[in-house]
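Got your viewer open? Let's take a walk through this one together, stop by stop.

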Amino acid sequence: MATETPPPAKPQAHLPSTEEFVEVQQSAEFAELRRANRSFAFPLTLAFITWYLLYVLLSCYAGGFMGTKVAGNINVALVLGVAQFLTTFLIAWWYARHAAAKLDPRAEAIKSRMEGGA
């Protein structure tokens, strides 16, 4: 008869208080982390939404242009539609690199300090 043994106990991490969270949120280090995120994400989001709306508006109001043949049965609309997918993946890849290089180390430093109780 097998008995189930509980998993080994993990050391309990320091749980920061509400005051500690507020203190970190108001710190210059946290403000810099937020600025680094916003200065990358907001302009890129705005650019992508503009690019997407341009595609939609061209599809609605510039049918002749969008129907222009590029090669064989491939027209401008298809090329721009595929470009939408490509830019989505490019932006995701670019953000992942940005986060790994600039955001994650700063966030990890803040997290470590908070969990360590320092």
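Before we start selecting things, one word to pin down: two residues are in contact when they have heavy atoms within 4.5 Å of each other. Keep in mind, too, that this is a predicted model.

**Stop 1: the whole chain.** Show everything as a cartoon. You should find four helices and two strands, and from the N terminus on they run α-α-α-β-β-α. Now zoom out. The C-alpha atoms fill a box of roughly 65 × 55 × 25 Å along the principal axes. The radius of gyration is 24 Å, while a compact globule of 118 residues would have one near 13 Å. Buried residues make up 17% of the chain. Turn on the surface and you are looking at about 9200 Å² of exposed area, with 67% of it supplied by carbon and sulfur atoms.

**Stop 2: Ala-36.** Select Ala-36 and ask what it touches, not counting residues up to four places away in sequence. The list is His-98, Leu-103 and Arg-106.

**Stop 3: the largest nonpolar core.** Keep Ala-36 and add Val-24, Leu-33, Ala-99, Leu-103, Ile-110 and Met-114; these seven residues make up the largest nonpolar core. Two elements give two or more residues to this core, α2 (28-61) and α4. Which of them gives the most? That's α4, with four residues. There is also a second, separate core of five residues, and Tyr-55, Val-76, Ala-77 and Leu-80 are among them. As background, nonpolar side chains in soluble globular proteins tend to be buried together.

**Stop 4: Ile-91.** Next, click on Ile-91, in helix α4 (residues 76-116). Buried, partly exposed or exposed? Its relative accessible area is 25%, so Ile-91 counts as partly exposed, since that class runs from 20% to 50%. Leaving aside neighbours within four places in sequence, Ile-91 is in contact with Leu-44 and Phe-48. Try a distance as well: the C-alpha atoms of Ile-91 and Ala-107 are separated by 21 Å, and the two residues are 16 apart along the chain.

**Stop 5: a patch on the surface.** Finally, select Val-70, Ile-74, Leu-78, Val-79, Val-82 and Leu-86. Together they form a nonpolar patch on the surface with about 510 Å² of accessible area. Helix α4 supplies the largest share of the patch, four residues. Pick out Leu-86, which sits in α4. Leu-86 has 56% relative accessibility, so it counts as exposed, because the cut-off is over 50%.

Note on methods: Residues numbered from 1 in each chain as written. Predicted model: local features only at pLDDT ≥ 70, side-chain atom pairs only at ≥ 80, totals over all residues. Heavy atoms only, no water. Buried < 20%, exposed > 50% of the residue type's maximum accessible area, 1.4 Å probe, protein only. Patch = residues over 30% accessible without salt bridge, like charges linked within 9 Å, V, L, I, M, F, W, Y side chains within 5 Å. Areas by Shrake-Rupley, 256 points an atom, 1.4 Å probe, with all protein chains shown as cover. Salt bridge = Lys/Arg side-chain N within 4 Å of Asp/Glu carboxyl O. Rg over C-alpha atoms; globule rule 2.2 N^0.38 Å. Core = buried A, V, L, I, M, F, W, Y, C linked by side-chain atoms within 4.5 Å.
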